[in-house]
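Here are some short exercises to work through with a structure in front of you. Try each task yourself before you read its solution.

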Amino acid sequence: MKPSNHDEFRDFVAMRSTALLQLAVLLTGGDRHAAEDLLQIALMKAYGRWAHIQQPEAYVRRILYRQQVNRWRLRRHRAETTVPVLPESDGGTGGDSDSELRIALWAALGRLTKRQRAVVVLRYFEDLPEAEVAALLRCPVGTVRSTAHRSLAKLRVLVPELGPEGRTEQVRPLSYSSKGMQG
Amino acid sequence: MTTEQMEDKVRETLHSVALDRVRAPGDLAEQVVRRRSRRRFSQAAGAAVAVAALSAGVVFGLGGGGAAEQDRPVRPAVSPQGWKPWHSDVPGVSERGCLADGSSLYCGGSDFDAAKFDANTGERLWTVEVNREGDGPDHPFAARDGVVFAYRNHTARNEPGGDYMGGTDLMALDAGTGDVRWSVRMPQDDRGDQAAMLINGAIWANTPSLRTMSALDPLTGEEKWRHTWDKGIVCQRAVLSGVPHLACTPDTEKAHDTDVFRLDPVTGSAEKVTTVPGRQALIGTSGDRMVLGGLKADADRDLRVTTVSGSGKQSSHTYRTEGQVANRNVVGDLLISVSWKGEASVASLSTGKTLWTAPVGVSMPDEETLTGIAPPAVSEERGIVYFFSPTGDLSGLDLRTGERVWRAHVDMGRTKFRLADSPQVLLYEDVLVARNGTTMVSLLPRTGD
């Protein structure tokens, strides 16, 4: 690699690595160690092709998504997992059920498969339309749709407080209060 | 909660994660550069294809690679008795890859840790369901004396707190029925080429600890002996003519020399046979020779290949790597490489000479893809090396000259959600089985008629 490319790469990493690591944290369900590993792999690939990459950030993000759903078995022993990143509480309202629900939901997101989590992050964090998700993951749009549907269904099972699909719609709108979910 | 509300809640949750506390390390760029340097070392040495080398080397021999073998002409393909072309596309049974053993194929997929197929017809004979999910690249990796060896999740259960308990078991299956004869827990989720291998009279597995290799009775799983190495040392594992060997080096940033040990297959006692200068990556085996690779510091495109015999005799040659290597295989005396630019080359391990370089004859996948091209497969009987691209292209090159003697394109079906796939081309006598994801195609490459 030319020295100028190397410098460009260093500058890019310095500027964008925190944002990319944050994305990786979401993709790995909050496992900081796995997220760093994932980002390092993506950056390694980018480094190798730096001279040919027009849009480094888009390139690295694409690799992050694809790599995450394509990773070899890297599950670690429980003893080696790092403390997961948690959702922010609403601040000072200990026991707030909305916060508790988010924490439960975040934990449940961590238990989706890598493929499901990637689709969920792309759809609901990056807010990408299904077609773009499909293009990024190189799969049919129908697969994205069904994966998202199955992911939500799994989250409902893992977090019973979310209630069954459509239940509240038939009764009355769902609302959350500091005393818990109101159905 | 409606689907829309649910989506909003997921969106809200993802955006509420305390990401502002996540900061990338200040020296990340340097970490990446260092790691890539180590990885290039490993890739150039082709460690990732060690198992392919092991299996192909054992099955197809090519030992010695002498002139007579090099001069052998391509002979016409012969159809095995009872074989007919077949095609299979069943989700869940083969995405993780397959092992060819005689007229049987043993595959792993997202739904089954093992599935046996009749290589003549493609008929599925038995299956072993996954524990929870099958999402890795591992598949049944060895078969001998009516026993098939594969990996599976240790359990499908969660811990009381809800987290997945995880873990990997090595399991021995009855080849006739698919029944699990025995299983043993592995210390980590490494299901790679060197996690377990067949040796004389045993299956040699990385259990019960990370730094231990144990010889297990293939029929009962009973431990015969174990060998443990010191902390701070990493050991790669290879089997030379049924005898277990270790190539060990300190696990440090700075590269140290590599010590090669021979282990007695009956007692497990270790004997140092030689020291190879520098950090070496195991490329594969060639008969009773271990093939190691290291990069020259002054020109990292040059691959320094050292073969070490069971007696410790070393022989080294340097090979020029033109462009990044997409896949590499050791078959007998031959080092077969394919570059991402679509160039195949064959070199002799004995002489260090490049025998030929030629277009690989298949369209190469984009280098950015994570699947790549299948490891080249060699038919010693026919004197052909086969290449298979996940696009469905197949080619056969004359092993003596590099001349293309056959090419075909097979329909690998619609692209499905199969990002974890790694394509394979397997040989059942003269017949090829090309596999990518859920799709398997068995065909006879007619050449030389």
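**Exercise 1.** In this predicted model, decide whether B:Glu429 is buried, exposed or partly exposed, and describe its backbone.

*Solution.* Start by counting: B:Glu429 has 18 other C-beta atoms within 10 Å. A buried residue needs 20 or more, and an exposed one has 12 or fewer. B:Glu429 is therefore partly exposed. Next, find its place: B:Glu429 sits in the loop between β30 (424-428) and β31 (431-436) of chain B. Finally, look at the backbone angle: phi of B:Glu429 is near 55°, a positive value in a residue other than glycine.

**Exercise 2.** Now do the same for A:Arg138: where is it found, and how many other C-beta atoms lie within 10 Å of it?

*Solution.* A:Arg138 belongs to the loop between α6 (130-137) and α7 of chain A. The count for A:Arg138 is 16 other C-beta atoms within 10 Å, so it is partly exposed. Its phi is positive, about 55°, although A:Arg138 is not a glycine.

**Exercise 3.** Check the length of helix α7 (residues 141-158) of chain A, then work out where its buried residues lie.

*Solution.* First the length: α7 of chain A has 18 residues, which should span 26 Å at 1.5 Å a residue, and its end C-alpha atoms are indeed 26 Å apart. Then list the buried residues of α7(A): A:Thr143, A:Val144, A:Thr147, A:Ala148, A:Ser151, A:Leu152 and A:Leu155. Seen down the axis of α7(A), these buried residues fall within an arc of 165°, so they line one face of the helix. A useful rule helps with the spacing: an α-helix has 3.6 residues a turn, so residues three or four places apart point the same way. On the face of α7(A) turned away from the buried side you will find the exposed residues A:Gly142 and A:Val157.

**Exercise 4.** Is helix α2 (residues 32-48) of chain A mostly covered or mostly uncovered?

*Solution.* Of the 17 residues in α2(A), 12 are buried, and the helix is mostly covered. Among these buried residues are A:Ala34, A:Leu38, A:Ile41 and A:Tyr47. For its length, α2 of chain A reaches 24 Å from its first C-alpha to its last, close to the 24 Å expected.

**Exercise 5.** Explain why B:Tyr319 counts as buried, and name its contacts.

*Solution.* B:Tyr319 lies in strand β21 (residues 314-320) of chain B. It has 20 other C-beta atoms within 10 Å, and is therefore buried. Leaving aside neighbours within four places in sequence, B:Tyr319 is in contact with B:Asp302, B:Leu303, B:Val305, B:Leu335 and B:Ala347. One of these partners, B:Leu335, is 16 residues away along the chain, with 9.8 Å between the two C-alpha atoms.

**Exercise 6.** Which strand gives the largest share of the largest nonpolar core?

*Solution.* The largest nonpolar core has 97 residues, and those with the most contacts inside it include B:Phe149, B:Trp204 and B:Val433. Strand β27 (residues 384-388) of chain B supplies the largest share of this core, 5 residues. Apart from it lies another core, of 61 residues, among them A:Leu20 and B:Val22.

**Exercise 7.** How confident is the predictor in chain B?

*Solution.* Chain B averages a pLDDT of 83, and 85% of the residues score at least 70. Over residues 43-72 of chain B, however, the pLDDT is below 50. Residues 415-420 of chain B also stay under 50.

Terms used: Residues are numbered from 1 along each chain as its sequence is written. Chains are lettered from A and ligands numbered from 1 in the order in which they are written. This is a predicted model: local features need pLDDT of at least 70, side-chain atom pairs count only at pLDDT 80 or more; totals for chains, interfaces and linings use all residues. A nonpolar core is a set of buried Ala, Val, Leu, Ile, Met, Phe, Trp, Tyr and Cys residues joined through C-beta atoms within 7 Å. Helices (H or I, at least four residues) and strands (E, at least two) are DSSP runs, numbered from the N terminus. Two residues are in contact if their C-beta atoms, placed from the backbone, lie within 7 Å. The expected span of a helix is 1.5 Å times one less than its number of residues. pLDDT is the predictor's confidence in each residue, from 0 to 100. The arc is that of the directions from the helix axis to the C-beta atoms.
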